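Student: I am new to this structure and would like a close look at one part of it. Could you take me slowly through the surroundings of the ligand?

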Amino acid sequence: MSRLLNTTPAADGFRMPGEFEPHAGTWLLWPERPDNWRLGAKPAQRAFTAVATAISQSEPVTVGVSHRQYQHARAVLPAEVRVVEIANNDSWIRDCGPTFVVNDQGEVRAVDWEFNAWGGLDGGLYFPWDKDDLVASKVSEIERVDRYRAPFVLEGGSIHTDGEGTLITTEECLLNPNRNPTLARGDIEELLSRYLNVEKIIWLDRGVFHDETSGHVDNICCFIKPGVVALTWTEDRADPQYDISSDAFERLSRVRDARGRALEIHKIHQPDPVLISEEESEGVDVVEGTLPRRAGDRLAASYVNFYIGNSVIAMPCFGDRHDELAAAALGRLFPERRVVSVPAREILLGGGNIHCITQQQPLALHRMPAR
Ligand code: KQY
């Protein structure tokens, strides 16, 4: 049974753990919509399978799939991956799935955010999104975890926490009027502290250049562990990303986290610009109301959109000259985990990357370090 709770996680002593804390498993959703994924989503399905396979070396993986694709997904995913039927509008479980919270007694609960497809009718990426908005409650039922329905729009990719009271986000996304037009910055901070049990919110200005999510933080900056962050970087002053990353670096350099620590910032150089090809554009069905995929458009390619598994880091790679440097940097930052580079251009063509298509479920029983 999964109860719908009318209290808040903070009031009940629950907090969102850092992604680097132990997991019980991870969740994905199977891609299939032909107006977002080229060639009937077959190349994307192969990329998602590679991600699921990489992460399943580290922790149990579950893939939610529509009724229409169930048999196919079951046939092509490895046997150790659990496949369950979950209706969805698209495959971004980081954003439409639950954000799990834990307490010191070893219990796990879910926060179920309102979802409006990254902006609803004011710049959202597709219509409708009603099935996506039910994904968090369905996952909660399957896992028998109690659920809080948060009274505001939020996507999981727009936040990162260190599990010790600090959250990073971007103004570009959380203050975008197409998410919560009636809420001011202070209201949003208050709600984040109630639903994730954080005390300190670090606001970056913008996310990666041309990111269709309105600048999700998970594409530009993430926690490696408390007090340590990775930041998308470029040395090319002519690149629009330069000013964005420089501003983020300045803000991160000035700030103290909830425990009073200065942050250690590790720059991860972005790949060279990735543009949609003619052939890739032609493979995507045109549907009014869905973001078009036009040849020549720049994609928001970033290595920081990696997933931290229990024993592996699943890192996107692009066949770019920076791939190996990024993998080596993550290897140094996560000495106890194995970095698996997964070719991710096909995921990027859909508008996000490995972190966006995964959602970790924390292992309970992990105590928060004493303050
Ligand atoms: O990056 C994400 N978190 C989601 C991207 C959504 C793209 C929809 N076309």
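Tutor: A residue is near a molecule if one of its heavy atoms lies within 4 Å of it, and this is the sense in which the surroundings are described here for a model that is predicted. There are 13 residues around the ligand, and those that come nearest are Asn36, Asp95, Glu212, Gly350 and Cys356. By kind, the residues of this shell divide into four nonpolar, six polar and three charged.

Two of the nearest residues can be followed down to single atoms. In the side chain of aspartate 95, an N or O atom is 2.6 Å from a nitrogen atom of the ligand, while glutamate 212 has a polar side-chain atom that lies 3.0 Å from a nitrogen atom of the ligand. Glycine 351 takes part through its backbone, where a polar atom is 3.5 Å from an oxygen atom of the ligand. On its own the ligand has 300 Å² of accessible area, and the protein covers 98% of it. As for its place in the protein, the ligand sits in the largest cavity.

Cysteine 356, also among the nearest residues, has a relative accessibility of 6% and therefore counts as buried, since the cut-off for that word is under 20% relative accessible area. The structure holds zero disulfides, and cysteine 221, for its part, is in none, with the nearest cysteine sulfur, that of cysteine 222, 6.5 Å away. Because a disulfide is a pair of cysteine sulfur atoms within 2.5 Å, that distance of 6.5 Å does not qualify. Cysteine 221 is buried too, with a relative accessible area of 0%.

How values were computed: Residues are numbered from 1 along each chain as its sequence is written. This is a predicted model: local features need pLDDT of at least 70, side-chain atom pairs count only at pLDDT 80 or more; totals for chains, interfaces and linings use all residues. Side-chain values use heavy atoms; hydrogens and water are left out. Buried means under 20% relative accessible area, exposed over 50%, partly exposed in between (1.4 Å probe, protein chains only). A polar contact is a pair of N or O atoms within 3.5 Å; within protein, one must be able to donate a hydrogen and the other to accept it, and residues adjacent in sequence count only if both atoms are side-chain atoms. Accessible areas come from the Shrake-Rupley method with a 1.4 Å probe; for residues, only the protein chains shown count as cover. On a 1 Å grid over the protein atoms alone, a cavity is a set of points where a 1.4 Å probe fits but cannot get out, and a pocket is an open set with protein on both sides within 12 Å along at least five of seven lines; lining residues have an atom within 4 Å of a point. A molecule sits in a cavity or pocket if more than half of its atoms lie within 2 Å of its grid points. Ala, Val, Leu, Ile, Met, Phe, Trp, Tyr, Cys and Pro count as nonpolar, Asp, Glu, Lys and Arg as charged, and the others, Gly among them, as polar.
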